[in-house]
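This report describes the fold of a single protein chain for a reader with a background in computational chemistry. The sequence and the coordinates are shown below, and the description follows them.

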Amino acid sequence: MSSSPDRKPHPASLLQEQKTTKPPIEDVIPLYLDGGMAAAALDFAAYMKESKLALRWAGFTNAWKAVYKGKCICYVRLKQNSDCMDKAWVITPYLDHASEYEDTAVGEGLQHIVFRNLFHCKRCFPDKYPEGRPCVPGRGITLFGKEIKGVCRGRQPVWFWEPDAEAIVCAKRLLELEKASRV
């Protein structure tokens, strides 16, 4: 699995182009991903559409979000988006009601996959904040019965970076549980 850096549009014009076209994620994935990684991302986008959680362009470069009952439930970002940093793509589920399905998630063993995919504080922008950003060293959260320290304050806690098949299955299941919890 690899990304395809030779097919990227020029970054200066990319945001302007995407503002105009609001491209479907399915049209952009092949520009940044190839092989198994592209197939997995396209499959995930199709799953989201079938689940009535269609990904729509989010208003910034190479980012799409799905909204359910008026609130964001998931983001997908591709390389060229600063949040992806050096990764090809990422799925970020919004687990706003995780406490409501904690028993189910733990009973299915999802917590092990989630805990391997936490977005820990990285001391962002070291040039701007040489002593550490005001949010360093992150925040503490409780997720699926476990107290976790050092999670990034400015982001959702779970990010599936370049997700493998197990992580994608987990992300899909978490989105199903989150969707069912939003009454």
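## Sheet, helices and buried residues

Lys-69 adopts a positive phi near 50 degrees in the hairpin of β4 and β5, where 2 residues lie between the strands. The model is a predicted one, and the description below proceeds from this hairpin to the sheet, then to the helices and to selected buried residues.

### The sheet

Strands β4 and β5 run antiparallel and are joined by 6 bridges. Within this pairing, Ala-63 stands opposite Arg-77 of β5. On the other side of the hairpin partner, β4 (residues 63-68) is also linked to β3, in this case by 2 bridges, and these two strands likewise run antiparallel. Trp-57 has Trp-64 in β4 as its bridge partner. The hairpin formed by β3 and β4 has 5 residues between the strands, and Gly-59 in its turn has a positive phi of about 100 degrees.

These pairings belong to an open sheet of 5 strands, arranged in the order β3-β4-β5-β6-β9 with antiparallel pairing. The edges are occupied by β3 (56-57) and β9 (160-161); each has a single partner strand, so one side of each is left without a neighbour in the sheet. Helix α3 (residues 35-50) packs on the sheet and touches β4, β5 (71-78) and β6 (89-93). The direction of α3 makes about 30 degrees with that of β6. In general, strands of a sheet pair through backbone hydrogen bonds, in either a parallel or an antiparallel manner.

### The pair of helices α2 and α3

Two packed helices are described by the angle between their axes and by the distance between the axes. For helix α2 (residues 25-32) and α3, the axes come within 9 Å and cross at roughly 170 degrees. An angle over 145 degrees counts as roughly antiparallel, and α2 and α3 are therefore roughly antiparallel to each other. On the α2 side, the contact involves Ile-25, Glu-26 and Ile-29; these meet Ala-38, Ala-41, Leu-42, Ala-45 and Lys-49 of α3. Of the residues in this contact, 6 are nonpolar, none is polar and 2 are charged.

### Buried residues and their contacts

Which fraction of the chain is buried? Buried residues account for 46% of the 183 residues. Burial here means a relative accessible area under 20%, and the residues discussed next fall under that cut-off, as the table shows.

| Residue | Location | Relative accessibility |
|---|---|---|
| Arg-77 | strand β5 | 5% |
| Ala-88 | loop between β5 and β6 | 2% |
| Thr-92 | strand β6 | 1% |
| Arg-182 | segment after α6 (165-181) | 5% |

Arg-77 and Thr-92 are connected through their side chains, which make a polar contact of 3.2 Å. Arg-77 is also placed with its C-alpha atom 6.8 Å from that of Ile-91, although 14 residues separate the two along the chain. Beyond residues up to four places away in sequence, Thr-92 touches Ile-73, Cys-74, Tyr-75, Arg-77, Gln-156, Val-158 and Trp-159.

What does the side chain of Arg-182 reach at 3.0 Å? Its partner at that distance is the backbone oxygen of Cys-72. A polar atom of the Arg-182 side chain also lies 3.2 Å from the backbone oxygen of Tyr-68. When residues up to four places away in sequence are left aside, Arg-182 touches Tyr-68, Lys-69, Lys-71, Cys-72, Ile-73, Tyr-94, Asp-96 and His-97. Lys-69, with its positive phi in the hairpin of β4 and β5, is thus among the residues that Arg-182 touches.

Ala-88 and Glu-162 are 74 residues apart along the chain, and their C-alpha atoms are separated by 6.3 Å.

### The chain as a whole

The chain contains 6 helices and 9 strands. Among the contacts between residues at least 6 apart in sequence, 60% join residues at least 24 apart.

Terms used. Residues are numbered from 1 along each chain as its sequence is written. This is a predicted model: local features need pLDDT of at least 70, side-chain atom pairs count only at pLDDT 80 or more; totals for chains, interfaces and linings use all residues. Side-chain values use heavy atoms; hydrogens and water are left out. Two strands pair if DSSP finds at least two bridges between them. Helices (H or I, at least four residues) and strands (E, at least two) are DSSP runs, numbered from the N terminus. Contact means heavy atoms within 4.5 Å. Axes are lines fitted to C-alpha atoms, for helices over the stretch in contact, and angles run from 0 to 180 degrees between N-to-C directions. Angles under 35 degrees count as roughly parallel, over 145 as roughly antiparallel, 65 to 115 as roughly perpendicular and the rest as oblique. Ala, Val, Leu, Ile, Met, Phe, Trp, Tyr, Cys and Pro count as nonpolar, Asp, Glu, Lys and Arg as charged, and the others, Gly among them, as polar. Buried means under 20% relative accessible area, exposed over 50%, partly exposed in between (1.4 Å probe, protein chains only). A polar contact is a pair of N or O atoms within 3.5 Å; within protein, one must be able to donate a hydrogen and the other to accept it, and residues adjacent in sequence count only if both atoms are side-chain atoms.
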